[in-house]
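Reader: I'd like a close look at one part of this model: the open sheet, its strands, and the empty spaces that its residues help to line. Could you walk me through that in one go?

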Amino acid sequence: MRKTAAADYNSTTAANLLRAVQAREFTREEMEEKEKKKGQNDGKRYSILDLPKDCIYRTLIKLPIESLRRSSLVCKPWYKMINNSIFIQDHLRRSEMGLIFLSKSPGTETNSDENIFHVEKHYLPSKANWESRMEQYDVELNLQFMEIKDGKSAVKSLKLSSYGEIRAACNGLVLLENSRICGPVVINPVTREYTVLCRGTIALPHDESYGFAFSYRTGEYKVVHLFRDHLRYFGCEIIEVDSHTWRAVDGPSFGLISQLGKAPVVAIGAFHWMPHIENYEYIVSMGH
């Protein structure tokens, strides 16, 4: 009995010692593997995509308009960040003051540039439809902007063309209108996003005026269309950019306005029109 107990004791002690040695060897190999991986990571070259999001945001927000378009094509996270409404508002607040205007296309060289964004070409259903409709127009217009910085101005191109006229602008968004092709188009020149509104009442260019404003009360962009019909009476209609129908509203009384064709000034929650070119003693205002 004593020999058997001693043998069992020696066997158990040997087994425990063997397990301890194996555990220590496993731990040593695990530590060596971690050190090896750490050395590989230390020598790894990190890309700009590995930077924190807030660092990328602060960098992109400082880029000019021309660079944002190219930057949005780097990767999906950058595209989502640049096209986010919060980013757009932040960029607008940081941007230098500028004036967006139309100019005649300088020639076929610019028209063949693949970087030019043709507004009508994107929302017309087919290339054949696009070409047939454009045959009736002689002049293609490019959107440009005059950058005003430190008392100096410089004209730069937005690489965006259209056959429509600029009717109004609000918070960096531009309202283009060409009633012979479709309804008004609201476009963001930076992101190239656009919304085609349904066609409203058709009138001659000198017998209509468009206003474009943002309502802080409802959080919506609205377009107002003031026009004069064939009987020389004024009509007025309003549409929310996210809506699909125009809503008729009461316009100015007969005789208050004699000249149209120019966009109103938006201030203090209302549109303000000059009733005549000269010799006017009042302005016509309408809340939106």
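Author: Here is a walk through the sheet, then the spaces, then a few nearby details.

Keep in mind that this is a predicted model. The open sheet has four strands, in the order β5-β6-β7-β8, and the pairing is antiparallel. At the edges stand β5 (165–170) and β8, each with a single partner strand, so one side of each has no neighbour in the sheet. From one strand to the next, the twist averages 20 degrees. In general, strands of a sheet pair through backbone hydrogen bonds, in a parallel or an antiparallel sense.

Let's zoom in on the β5 and β6 pair. Five bridges hold this pairing, and the sense is antiparallel. Cysteine 170 sits opposite leucine 173 in β6. Between β5 and β6 there is a loop, and asparagine 171 is found in that loop. The phi of asparagine 171 is positive, near 55 degrees, and the residue is not a glycine. With a relative accessible area of 34%, asparagine 171 is partly exposed. Cysteine 170, on the other hand, has 11% relative accessibility and therefore counts as buried, the cut-off being under 20%. If you're checking cysteines, cysteine 236 also counts as buried, at 4% relative accessibility. As for disulfides, the structure holds zero.

Now for the spaces, starting with the open one. Leu173, the partner of cysteine 170, turns up again in the second largest pocket: Leu173, Val186, Asn188, Glu193 and Tyr221 lie nearest the centre of that pocket, out of 20 lining residues. The elements that give two or more residues to this lining are α5 (85–94), β7 (185–187), β8 (194–196) and β10 (220–228). That list includes two strands of the open sheet, β7 and β8. The most comes from α5, which gives four residues. The space in this pocket is about 420 Å³. If you care about the chemistry of the lining, the split is nine nonpolar, eight polar and three charged residues.

Next come the closed spaces. The count is two cavities of 30 Å³ or more. I'll take the second largest cavity before the other one, since β6 has a part in its lining. This cavity is lined by Val119, Glu120, Tyr123, Ser162, Gly164, Leu176, Glu177, Asn178, Cys182, Gly183 and Val185. The elements with two or more residues in that lining are α7 (119–123) and β6 (173–177). The largest share, three residues, is from α7. The second largest cavity has a volume of about 40 Å³. By class, its lining has five nonpolar, four polar and two charged residues.

The largest cavity has a volume of about 50 Å³. Its lining is made up of Glu177, Ser179, Cys182, Gly183, Pro184, Arg199, Gly200, Thr201, Ile202, Glu208 and Tyr210. Glu177, Cys182 and Gly183 are named in the linings of both cavities. The lining of the largest cavity divides into four nonpolar, four polar and three charged residues.

One more set of strands is worth a look while you have the model open. Strand β1 (residues 98–104) runs antiparallel to strand β3 (residues 141–149), and seven bridges join them. There, phenylalanine 101 has glutamine 144 in β3 as its bridge partner. Then β3 is joined to strand β4 (residues 152–162) by nine bridges, again in the antiparallel sense. Lysine 149 stands opposite lysine 152 in β4. The hairpin formed by β3 and β4 has two residues between the strands, and aspartate 150 in the turn has a positive phi of about 55 degrees.

There's another backbone angle to flag in β4, the strand where lysine 159 is found. Lysine 159 is not a glycine, yet it has a positive phi of about 55 degrees. At 36% relative accessibility, lysine 159 counts as partly exposed. And β4 links back to the cavities as well: the strand covers residues 152–162, and Ser162 is one of the residues that line the second largest cavity.

Methods
Residues numbered from 1 in each chain as written. Predicted model: local features only at pLDDT ≥ 70, side-chain atom pairs only at ≥ 80, totals over all residues. Heavy atoms only, no water. 1 Å grid on protein atoms, 1.4 Å probe; cavity = no way out; pocket = protein on both sides within 12 Å on 5 of 7 lines; lining within 4 Å. Points joined across faces, edges and corners; volume = space filled by probe spheres on them. Nonpolar A, V, L, I, M, F, W, Y, C, P; charged D, E, K, R; others polar. Pairing = 2+ DSSP bridges. Axes fitted to C-alpha atoms, helices over the stretch in contact; angles between N-to-C directions. Buried < 20%, exposed > 50% of the residue type's maximum accessible area, 1.4 Å probe, protein only. Disulfide = S-S within 2.5 Å.
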